[in-house]
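Dear colleague,

I am handing over the structure we talked about, and I would be glad if you could look through it beside the notes below.

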Amino acid sequence: MINFHKYGFLDVKRLTNLVEEKNFWLYIFNPVWLFIHNELYNPQICFENNAIFIKIDFMDLKNVYIEPIGIKPLDGIEIIKNELRNQNLDANLICYSYPIGNLVLYENQFFQTKVFALEEIIANKKSRRNAKKFIKAHKSSYLKKMKKDDFKDVIEFFQEYNLKNQLDHFNYFKTLNSLNLILQHLYELDFKAMLVIDDSKIIGLAVGNVISNTMYLDLLLCLDEKAVDYLIIEFCKNALLYSRYIASETSLLDKYKEYKIEKCYTTFRL
């Protein structure tokens, strides 16, 4: 029997230690990403001797299994199938080594993570020109490292960001929950977080976490579109201290040439 429990803070470090050298690249396998979206995706986890089983809620689907980690895919999937048969349940699977065995793809949706070389983003001439224009036009602006003491100001910034961008219900609560968890565990999970301040007010925010040689960009929010390139370049400069690549799901980095694109597919009917 797979004894799942709700994925929590204590599971993050344990899972990170087990996956950080596997070069999954995908956000769906990022232990920190799973944690900061726990209210949205309701992740559950089970650590066995030789395998890790994870299931999440995804959009309208409940109990979607992620392809097991640490065990041959088909062996892990057979364990899940036996579990489902015993409970007389149907379920779906997110699969990163598609195609796999004789599984038939039920719905051709996929998670996608784009990976960029940090040095190429920093060297991008157009972005550098835009960053210089912003600095010239906003001489009072500056960067600062985000701290837990900034909680109130960050939440106020996000509410203003929401008013400006009219986020839908899904994205509003997704982002608000992520911000709350990031600020609560800013130091414990070693988030790399940067704020752009202009006239004593937050106008931009970037947060990431590092696994192996990659910085995963968790959030990138700006009130002033002209500040985006400035924030991206400065965030990437800081990220070079810890990593070589930056992984992103945000369309704000689509203008850069990606180093690689990673995909995992959902859903396979089990």
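What follows is a short account of a surface patch and of a few loop residues.

Please keep in mind that this is a predicted model, in which local features need pLDDT of at least 70 and side-chain atom pairs count only at pLDDT 80 or more, while totals for chains, interfaces and linings use all residues. Residues are numbered from 1 along each chain as its sequence is written, and side-chain values use heavy atoms, with hydrogens and water left out.

Lys125, Lys126, Arg129 and Lys133 together form a positive surface patch (patch residues have over 30% relative accessible area and no salt bridge, with like charges joined within 9 Å; a salt bridge would put a side-chain nitrogen of Lys or Arg within 4 Å of a carboxyl oxygen of Asp or Glu). Lys126 belongs to helix H6, residues 125-137 (helices are DSSP runs of H or I with at least four residues, strands runs of E with at least two), and Lys126 is exposed at a relative accessible area of 56% (buried means under 20%, exposed over 50%, and partly exposed in between, with a 1.4 Å probe and protein chains only).

Asn102, in the loop between strand S5 (92-95) and strand S6 (105-117), is exposed as well, at 66%, and its C-alpha atom is separated by 49 Å from that of Phe157, 55 residues apart along the chain.

Most residues other than glycine have a negative phi. Asp190, however, has a positive phi near 55°; Asp190 sits in the loop between helix H8 (169-184) and strand S8 (192-198) and is partly exposed, at 42% relative accessibility. Ser200 also has a positive phi, near 65°, and this residue, in the loop between S8 and strand S9 (201-211), is exposed with a relative accessible area of 74%.

With best wishes

Terms used: Patches are made of residues with over 30% relative accessible area and no salt bridge: like charges are joined within 9 Å, nonpolar side chains (Val, Leu, Ile, Met, Phe, Trp, Tyr) within 5 Å. Accessible areas come from the Shrake-Rupley method with a 1.4 Å probe; for residues, only the protein chains shown count as cover. Lys and Arg count as positive and Asp and Glu as negative; His and the chain ends are not counted. The place of a charge is taken as NZ of Lys, CZ of Arg, CG of Asp or CD of Glu.
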